[in-house]
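Hi,

Here is the structure I promised to pass on to you. Have a look at it first, and then read my notes below.

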Amino acid sequence: MSNQYKRLSLSALAKLVRKKKSTLILCHQNPDPDTLGSAFALKELLECFGSSVRVACCDTPSKRFNFITGGRDLTYHTLDYERIIAVDVASPTQLGGLGFLANSVDFTIDHHEMNTRFSDYYEDFRASNCENIYLLAKKTKMLKKLPTHFYECIYAGMSSDTGGFKYSNVKPETMSTACEVLKSGIDHAEINRVMFDSKTIEEIKAQRLTYEIMKLYCDNSLAIAMFTKEIKEKNGIVDGDISDAVNHVRGIEGVLVGLTLKQSSDDEKKFFLSSRSNANIDVSQVCASIGGGGHKRASGATIRCESPEEALELVVGLFSKAIEEYKKR
Ligand SMILES: [Mn+2]
């Protein structure tokens with residue numbers, strides 16, 4: 001199946017983006033700064049080449065990321081796009097409600113090792129997809145013409161996907177690229193403050209709730225917070241408020257894997273799983289076994305179950321097994 005699509009080299013990709021075409025850029029569901037930064041940085045680049053560009057996502061981004069999106073509405077509108085590009089999207093499932101567009105994607109630019117290759121693709125397993133966009137812009141020799149916003153977008157994605165340059169995915173090349181990006185003179189401290197050190201009251205409430213509802217398994221090495229529709233409604237929180245919850249549960253000493261399960265507010269049988277690993281436990285493998293994917297230490301999946309209890313039982317079973325295998329090694 002994967003053979004039907006072409007792998008694009010960076011030079012081939014650079015040729016493609018030079019073409020003046022009306023373009024739709026697709027982000028993954030539950031948009032984070034890497035998918036949004038990739039989309040809006042690429043938008044700046046394509047506009048330099050005279051293209052008209054729209055960005056779409058099935059979910060509304062957090063207002064926190066307005067410095068990337070400009071507060072734009074990312075709702076998909078049917079228009080005659082001459083090309084569709086997906087960024088930081090590992091599989092059609094990750095397009096969420098826009099999954100029906102997967103077959104129309106002309107090419108994907110991604111950094112996930114688990115990419116299912118659903119279109120022609122450029123891939124490089126760098127820490128963030130924004131690095132790929134930056135290197136693409138560099139290849140087109142347009143860096144000097146790009147506005148500050150381009151660099152802010154790139155930096156946001158890089159910093160976000162590396163947890164502020166502190167995760168295991170940071171390589172010397174990551175820092176070299178970050179160094180080039182910083183030379184543009186962006187206010188990186190402010191970007192980091194907005195992304196990591198500033199929380200809304202709802203997020204603070206959600207954080208407190210996360211610890212209250214969290215359950216521990218596997219001798220306290222597996223932590224899970226399950227957000228049912230009922231819990232979300234009762235506490236007045238939305239999914240955007242709990243996007244960081246998985247990092248809170250995995251931040252507990254002794255926890256090897258942290259998980260959150262969020263019951264969909266529209267479909268009670270749908271659950272969004274996020275997983276983070278603190279050890280050499282490949283959570284992307286576990287997520288792949290239930291139709292998801294991502295990175296070795298940060299992955300997700302969307303699962304269908306009859307009840308929250310059933311969803312919990314399923315993921316506890318899968319991740320306990322992975323942890324027990326790790327402990328035996
Ligand atoms: Mn990413």
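β6 and β7 pair in the antiparallel sense over 3 bridges. Strands here are DSSP runs (E, at least two residues), helices are DSSP runs too (H or I, at least four), and both are numbered from the N terminus; two strands pair if DSSP finds at least two bridges between them. Please keep in mind that this is a predicted model, where local features need pLDDT of at least 70 and side-chain atom pairs count only at pLDDT 80 or more, while totals for chains, interfaces and linings use all residues. Residues are numbered from 1 along each chain as its sequence is written.

Within the β6-β7 pair, leucine 216 stands opposite alanine 223 in β7. The two strands form a hairpin with 4 residues between them. What is the phi of cysteine 218, in the turn? Its phi is positive, about 50°. Aspartate 219, found in the loop between β6 and β7, also has a positive phi, of about 55°, although it is not a glycine. For comparison, most residues other than glycine have a negative phi.

Are these two loop residues buried or exposed? A residue is buried if 20 or more other C-beta atoms (placed from the backbone) lie within 10 Å of its own, exposed if 12 or fewer, and partly exposed in between. Cysteine 218 counts as partly exposed because it has 18 C-beta neighbours inside 10 Å. Aspartate 219 has 10 other C-beta atoms within 10 Å, so it is exposed. Strand β7, on the other hand, is mostly covered, with 5 of its 6 residues buried.

Now to the sheet itself. It is open and has 6 strands with mixed pairing, in the order β6-β7-β8-β9-β11-β10. Its edge strands, β6 (215-217) and β10 (293-294), each pair on one side only. β7 (residues 222-227) and β8 (residues 257-263) are parallel partners over 6 bridges. Alanine 223 stands opposite glycine 258 in β8, and alanine 225 has threonine 260 as its bridge partner there.

Finally, the domains. The protein chain is divided into domain 1 (2-196) and domain 2 (201-328), with bounds from an automatic or database domain assignment. Their centres, taken over C-alpha atoms, are 26 Å apart. How many residues of each domain are in contact with the other? There are 9 from domain 1 and 11 from domain 2, where contact means that C-beta atoms, placed from the backbone, lie within 7 Å.

Enjoy exploring!

How values were computed. Contact = placed C-beta atoms within 7 Å.
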